[in-house]
Amino acid sequence: MKKESIEKILPAPLRDWFQTMKKRDIKGLQEIRLRVGKPVIIYMHNQEYYVSENELVSWGKNRYVVTDKDIKETMEFISNYSLYAFEDEVRHGYITIEGGHRVGLSGKVIVENRQVKTIKYISCINIRISHEIKGCSDSIMTYLFEDHQVLHTLIISPPKCGKTTLLRDIIRQLSNGYEDQEGITVGVVDERSELGGCYRGVPQNDIGMRTDILDGCPKTEGMLMLIRSMSPAVIAVDEIGSSEDIDAIDFVMNAGSKIICTVHGANVNEVKDKPILGKLMDKGVIERFIVLENKNGIGDMKKVYDKQYKLIGMVVEPTTNKH
């Protein structure tokens, strides 16, 4: 992670604290939340912290409270003093900055003709730190192939278990080639700019040499566009959930491409019970299920199931992200 890209958008009162962060803590940094009139909250190693006298504390007095000026400064730094140039991003509620980090925004929403026009009076900012962990998919890559063919795969994970990070590394390895598997063309629909972390159209994360990405594109339209224009062997999307997504996945499969996607859920049964996703499960077309759990660290337990929901593998990664 480029520490500088985060540091330069923080308001002045928080820069001294950020500069003192240790390398180990930088790796575990997940979110920085700024809310006017509230203490700044830092999520790191799945724990919540505050800033007090330039140190992280889990509780106590003298916690730094975010001001209007802090929010204004942060927005100016993010937009390089040209917020009007980011009107489209603001309308969608986030801006991706250099390094692939995504900055979520909330405030007064202006609606016209039942469409969000913009967000004014921004009062809350969520800086989500993009982490690229190369090799985090090593332990499950062999499960994604059968007779050298990629299998339709669904990654199931509760929030904050690292499913996007895992999917990103799978994309990279499929694209570049994994062990004796030759690299293949991968199409990525990155609706929320989290997989590639594109900044001005260029992926900030390594998603492989044979990967084509549609950044900021709705998943449904993006999957159809890639099939029609880029001939991908595999299409990867994050967080499916709508009936339109399921229809697009049908289109992808019927076109002969493989699908690798993620969904929120605690386990296979929970996903099966969801009305829309249950329809996808009932079709019996998904050939591998990867279920992430937190055991000692973020997403360090990976359970692998086959098409009949039989557990065929379980991996517990060595803990490297424990605080």
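**View 1. Tyr305 and Leu311 form a bridge pair.** In this predicted model, Leu311 of β17 is the bridge partner of Tyr305. The strands involved are β16, residues 301–305, and β17. They pair in the antiparallel sense. The pairing runs over 5 bridges.

**View 2. An open sheet of 8 strands with mixed pairing.** Read across, the strand order is β12-β11-β13-β14-β10-β15-β16-β17. The edges are β12 (211–215) and β17 (311–316). Each of these edge strands pairs on one side only. Neighbouring strands are turned against each other by 15° on average, direction ignored.

**View 3. Helices α6 and α8 on the 8-stranded sheet.** Helix α6 spans residues 163–176 and packs on the sheet. The strands α6 touches are β10 (153–157), β11 (186–190), β12, β13 (234–237), β14 (258–264), β15 (288–293) and β16. The direction of α6 makes about 170° with that of β14. Helix α8, residues 243–254, also packs on this sheet. Its contacts are with β13 and β14. Against the direction of β14, α8 makes about 160°.

**View 4. An open sheet of 7 strands with antiparallel pairing.** The order here is β4-β3-β2-β1-β7-β6-β5. Strands β4 (55–57) and β5 (94–96) are the edges, each pairing on one side only. From one strand to the next, the twist averages 35°.

**View 5. The β5 edge and its partner.** Strand β5 is joined by 3 bridges to β6, residues 102–112. The two strands run antiparallel. Thr96 stands opposite Arg102 in β6.

**View 6. Helices α2 and α4 on the 7-stranded sheet.** Helix α2 covers residues 12–19 and packs on the sheet. It touches β1 (29–35), β2 (41–44), β3 (47–52) and β4. The direction of α2 makes about 160° with that of β1. Helix α4, residues 68–79, lies across β1, β5, β6 and β7 (115–128). Relative to β7, α4 runs at about 100°.

**View 7. The second largest pocket and its lining.** The volume of this pocket is about 370 Å³. Its lining holds 17 residues. Those nearest the pocket centre are Glu89, Tyr94, Ser193, Asp215 and Gly216. Helix α5 (87–92) and strand β5 each supply at least two lining residues. By class, the lining has 6 nonpolar, 5 polar and 6 charged residues. Strand β5 is also an edge of the 7-stranded sheet in View 4.

How values were computed
Residues numbered from 1 in each chain as written. Predicted model: local features only at pLDDT ≥ 70, side-chain atom pairs only at ≥ 80, totals over all residues. Heavy atoms only, no water. Pairing = 2+ DSSP bridges. Axes fitted to C-alpha atoms, helices over the stretch in contact; angles between N-to-C directions. Contact = heavy atoms within 4.5 Å. 1 Å grid on protein atoms, 1.4 Å probe; cavity = no way out; pocket = protein on both sides within 12 Å on 5 of 7 lines; lining within 4 Å. Points joined across faces, edges and corners; volume = space filled by probe spheres on them. Nonpolar A, V, L, I, M, F, W, Y, C, P; charged D, E, K, R; others polar.
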